[in-house]
Amino acid sequence: MFQLTRSVTWQALEGLQQTTANDRIRDYFAADPKRFEKMSLRVGGLFLDYSKQPVSDEVLETLIELAEHSALVQRRAQMFSGDIINVTEDRPVLHTALRNLGQGPLKVDGKDVMPEIQRTREQIRAFSEAVRSGEWTGFDGQRIKDVINIGIGGSDLGPNMACRALLKYRHPELSFHFVSNVDGAHIQKVLSRLDPATTLFIVSTKTFSTQETLLNAHTARRWFLDNAGPDADVGAHFIAASTNKAAAMEFGIREENVFEFWAWVGGRYSMWSSIGLPIALSIGFEGFMELLEGAYEMDQHFLAAPFAENMPVLMALIGIWHINFQGAETQAIVPYDQALHQLPAFLQQLDMESNGKSVDIFGHPVDYKTGPIVWGQTGSNGQHAFFQLLHQGTRYVPIDFIASLKPEPGMEEHHFALLTNMLAQANAFMEGSLKGGEGSGSRPDPYSCPGNRPSSVLLLDELTPKTLGALIALYEHKVFVQGVIWNINSFDQWGVQLGKRIAGEISERIDAHSQDFDASTQGLLALVRGHFPRGSGEPAPGGGKKGKAKG
């Protein structure tokens, strides 16, 4: 059986970690005046500078050899062609097909899936244009003013992040709200400000069985029936993005308003499908297609570029260097763009749910670290919050700085300050300081910043639907490459399923069979039972209070 850590290339990298342990990044620049030109590249509207990473030429060459000796070329081709690479769930992985703009067929089990994808795109186009133009109205003829997306995980994080990132493109007469938390305070706060006659609900759930989403959807449905009056028509205000058309229709959603997608679309990769309907409603179908276009451009780069010039591959390999050879436990994402303030949360799920694995694709335990803990927030807020630890703390934390170059009209001074702050921080993390204060003489100053901290800078020419699409696809492929090299399945999530299953068991067995759980859970359940009369936490049959519901 192949063991990654016993491979010649892996052991060569372990040796290089020892021989380069005392190297300083700034010395690499001194030795090679062309380091920036050699360690930066552009793909469409994205520019990546990875020259401030602690990788020598020899380290980078050996990392590329690691990729070349892996199954990356084969697995990449299999993913794009629809072969089964999600081996534990026996499924292909075809989120790339959702943004495929090529003309050729793409077959899964002998069937071309592109006609279905194009039909769903047309359904999204027609519906989004009808709502945005005012042609689609609520039950009493008023145009829609508020759109509430009810989902969780991939059915929330992707469209939520994209709608907020592209807020300047939003339709001026539409407001968007995203409800994901099962905490009732979340949906209650959103609903309290809205008029049921002008509100559209999108129930986004792959299986139409996700507990949190259905509880929120039933609460929304009950609120609508209670407040819309005797002519309330659920079918005029509720639509769904789901693979389970029958369950959506049973909820009260009209058949033509169920936007389907497919089992081979993973939740965290689903914003390119009908789960992205809120994006099309917000920025328009043309903008949604530009998002797909940017992702497609990155897909083509990922497929065609040599590893030494391949942006997702290089980012993945540098991450492997940090995680497996430099001891990094985390990866910080710091967008210097307020519009991207939800990007770190989106990338948390993308990376940690994909590569948070401890067994390989054959079910054997791995003897090396896999995915990092992903975290972060926007700069320059982070400079006054957690950057102190990054500069002087004992943790080794690689950072991805992300920013758009083009300022908003009238905000040039602000944007210039934002970008210069980012560049200053990237420089400071590398250079450090010889002295942190005065009067220390020739002795080492204990308050100095050591520097030699790694970072990459990703610059977008402008934050547009197209560049956002390329940025998201870049990180998707980075995660995929790392999963292939670690020989793990990046497309299942058994830990998530375990939590869902036990939550269901606790709900069903809270009274008669709570003794089946450990003593701690039994004790906590007793405290919970004391605050909820028997059965009070269960949803009413059919989703809550009965009411007149047309359609």
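Let's start where two helices meet: α8 and α15 cross in a left-handed way. Keep in mind as you look around that this is a predicted model. Helix α8 covers residues 154–165 and helix α15 covers residues 343–355, and their axes come within 9 Å of each other, crossing at roughly 145 degrees. Which residues make the contact? From α8 come G154, L157, G158 and M161, while α15 supplies L343, A345, F346 and Q349. Sorted by character, the residues of this contact are five nonpolar, three polar and no charged.

For charged residues, let's move on to helix α7, which spans residues 114–133 and holds E116. Is E116 buried or exposed? Its relative accessible area is 17%, and because anything under 20% counts as buried, E116 is buried. Leaving aside residues up to four places away in sequence, E116 touches K111 and W262.

Further along α7 you can find a salt bridge between E129 and R125, whose closest N and O atoms are 2.6 Å apart. These two residues sit four places apart in the helix, so about one helical turn separates them. E129 is partly exposed, with a relative accessible area of 40%, and R125 is partly exposed too, at 25%.

Other salt bridges reach across the sequence. The side chains of E408 and K168 meet in one of them, at 3.0 Å from N to O. E408 lies in the loop between β14 (399–404) and α17 (412–431), and K168 lies in the loop between α8 and β8 (175–179), so this pair ties together parts that are 240 residues apart in sequence. That brings us back to α8, the helix that precedes the loop holding K168. Both partners are partly exposed: E408 has a relative accessibility of 38%, and K168 has one of 44%.

A further salt bridge joins E297 and K466, with the closest N and O atoms 3.8 Å apart. Here the link runs between helices in distant parts of the chain: E297 is in α13 (residues 285–304) and K466 is in α18 (residues 465–486), 169 residues apart. E297 counts as partly exposed at 31% relative accessibility, and K466 likewise counts as partly exposed at 31%.

Salt bridges can also share partners, and in this way K168, K406, E408 and E462 are joined into one network. How many salt bridges does the whole structure have? A search finds 23, among them the E129 pair with R125 and the E297 pair with K466.

Definitions and conventions:
Residues are numbered from 1 along each chain as its sequence is written. This is a predicted model: local features need pLDDT of at least 70, side-chain atom pairs count only at pLDDT 80 or more; totals for chains, interfaces and linings use all residues. Side-chain values use heavy atoms; hydrogens and water are left out. Axes are lines fitted to C-alpha atoms, for helices over the stretch in contact, and angles run from 0 to 180 degrees between N-to-C directions. A crossing is left-handed if the near helix is turned anticlockwise from the far one by less than a right angle, and right-handed if clockwise. Contact means heavy atoms within 4.5 Å. Ala, Val, Leu, Ile, Met, Phe, Trp, Tyr, Cys and Pro count as nonpolar, Asp, Glu, Lys and Arg as charged, and the others, Gly among them, as polar. Buried means under 20% relative accessible area, exposed over 50%, partly exposed in between (1.4 Å probe, protein chains only). A salt bridge is a side-chain nitrogen of Lys or Arg within 4 Å of a carboxyl oxygen of Asp or Glu.
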